[in-house]
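Trainee: Could we walk through this model together, beginning with how its helices pack and then going on to the sheets?
Mentor: Yes, let us look at it first.

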Amino acid sequence: MDSWTQAGAGPLAVPAAGSPRPWPGLAGRDFLTLSDFTPDELAGLLDLAAALKQEGPVAPGAEPLYGKTLAMIFEKPSTRTRVSFEVGMQQLGGRVLNLSPRELQLSRGETLADTARVLSRYVDALMVRAYSHATVEELAEAASIPVINGLTDLYHPCQIMADLLTIREYKGRLRGVTVAYVGDSNNVAHTWLLGAALMGLHLRLACPPGYEPRPEVLALAKTLARDTGATVQVLHDPVAAVRGAEVVYTDVWTSMGQEGEEEERRQIFAPYQVNADLVAHAAPDFIFMHCMPAHRGEEVTGDVLDGPHSVVLDQAENRLHVQKAILLALLG
């Protein structure tokens, strides 16, 4: 039997299909937002992801998710989420069904609740990439199987778990790391507020006036931060946010569904471009991160995105290892 080493917890054995899993507590739960989990639970998922990355694809015969099926519903296009979940499930011995709303009776008026109840009779977990966070919440409420948030307008928890794993790899820790997030207060920024608060990082979010994060998300992050020593700040000066930061992070200025605002946003966000002048204020050994897809010449210049401080491809790879950890934990 292969074994993975879980940081601080000794060897972690890969169980045979159908046997009890050695990571209790998360089985059967949904993965909708990071604030549904404790810092210890998130740290355990990161440890498991790191072990899976070190181990690589499981050996033939181990296949801990053999016989399991993950259904995936995509309202929005996807590269990293779709491929990492599909490959991850295959590497663990399971299988995947890709579904679009056009292929489901949702397109003919079937309710989300009925869809969730029916899929629960066929598959073992459901991953959803939706326009509205209410969609994944309604599916999770009706489903009897784990529902995973693959991105909504409010949160992107799988992405930020991969980001946290990447930072831990490069900085050797999470607690106390200063992250400058420059740009739009979108779903990634919202999740970063919660992730930083839960895991003890210091997050400075720089955005134009009028584009601040939702007040309820910021308030929740500040509440969570009281227990971990984290700090979360919303600024309007990108230089103040980046000054001395160990991580500089940005995302697109126009998210999916906002295409009608693209030209207006391009003008408003122009002072928030991550370029050589801006990152000159960061720590000398800073890393640059972007959840991708990236638009060179808009939110980031090519010399930063492709430069020596950029870790965007490692960040993208870690989506695979994190998705595998989430699948193993929820389906265990």
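Trainee: At roughly what angle do the axes of helix 3 and helix 4 cross?
Mentor: The axes of helix 3 (residues 112-122) and helix 4 (residues 133-142) cross at roughly 50 degrees and come within 8 Å. Axes here are lines fitted to C-alpha atoms, for helices over the stretch in contact, with angles running from 0 to 180 degrees between N-to-C directions. That angle makes helix 3 oblique to helix 4, given that angles under 35 degrees count as roughly parallel, over 145 as roughly antiparallel, 65 to 115 as roughly perpendicular and the rest as oblique.

Trainee: Before I go on, what kind of model is this, and how are residues numbered?
Mentor: This is a predicted model, in which local features need pLDDT of at least 70 and side-chain atom pairs count only at pLDDT 80 or more, while totals for chains, interfaces and linings use all residues. Residues are numbered from 1 along each chain as its sequence is written, and side-chain values use heavy atoms, with hydrogens and water left out. As for the elements, helices (H or I, at least four residues) and strands (E, at least two) are DSSP runs, numbered from the N terminus.

Trainee: Which residues of helix 3 and helix 4 meet?
Mentor: Leu112, Ala113, Ala116 and Arg117 of helix 3 meet Thr135, Glu138, Leu139 and Ala142 of helix 4, where contact means heavy atoms within 4.5 Å. The residues of this contact divide into 5 nonpolar, 1 polar and 2 charged; Ala, Val, Leu, Ile, Met, Phe, Trp, Tyr, Cys and Pro count as nonpolar, Asp, Glu, Lys and Arg as charged, and the others, Gly among them, as polar.

Trainee: And what about helix 2 against helix 12, at roughly what angle do they cross?
Mentor: Helix 2 (residues 80-91) and helix 12 (residues 312-331) have axes that cross at roughly 55 degrees and come within 8 Å, and helix 2 and helix 12 are therefore oblique to each other. Among the residues that meet are Phe85, Val87 and Met89 in helix 2 and Leu320, Leu327 and Leu331 in helix 12. The residues of the contact of helix 2 with helix 12 divide into 7 nonpolar, 5 polar and 3 charged.

Trainee: Switching to sheets, what is the order of the one with 4 strands?
Mentor: Its order is 4-3-5-6, the sheet is open and the pairing is parallel, two strands being paired if DSSP finds at least two bridges between them. Strand 4 (95-99) and strand 6 (147-149) stand at the edges with a single partner strand each, so one side of each is left without a neighbour in the sheet. The twist averages 20 degrees from one strand to the next. Inside the sheet, 5 bridges join strand 3 (residues 69-74) to strand 5 (residues 125-129), and Met72 stands opposite Met127 in strand 5.

Trainee: Which helices pack on that sheet?
Mentor: Helix 2 packs on the sheet, touching strand 3, strand 4, strand 5 and strand 6, with its direction at about 170 degrees to that of strand 3. Helix 4 packs on the sheet too, touching strand 5 and strand 6, and its direction makes about 165 degrees with that of strand 6.

Trainee: How about the sheet of 5 strands, what order does it have?
Mentor: That open sheet has the order 9-8-7-10-11, with parallel pairing. Strand 9 and strand 11 (287-290) stand at the edges, each with a single partner strand, so one side of each lacks a neighbour in the sheet. Strand 8 (residues 202-206) is joined to strand 9 (residues 231-235) by 5 bridges, and strand 7 (residues 178-182) pairs with strand 8 over 5 bridges. His202 stands opposite Thr231 in strand 9 and is also the bridge partner of Thr178.

Trainee: What lies across strand 10 and strand 11?
Mentor: Helix 12 does, running at about 50 degrees to strand 11.

Trainee: Last topic, the backbone: which peptide bond is cis?
Mentor: The bond from Met292 to Pro293 is cis, with omega near 5 degrees, and Pro293 is found in the loop between strand 11 and helix 11 (302-305). Leu151, although not a glycine, has a positive phi of about 140 degrees, and Leu151 is found in the loop between strand 6 and helix 5.
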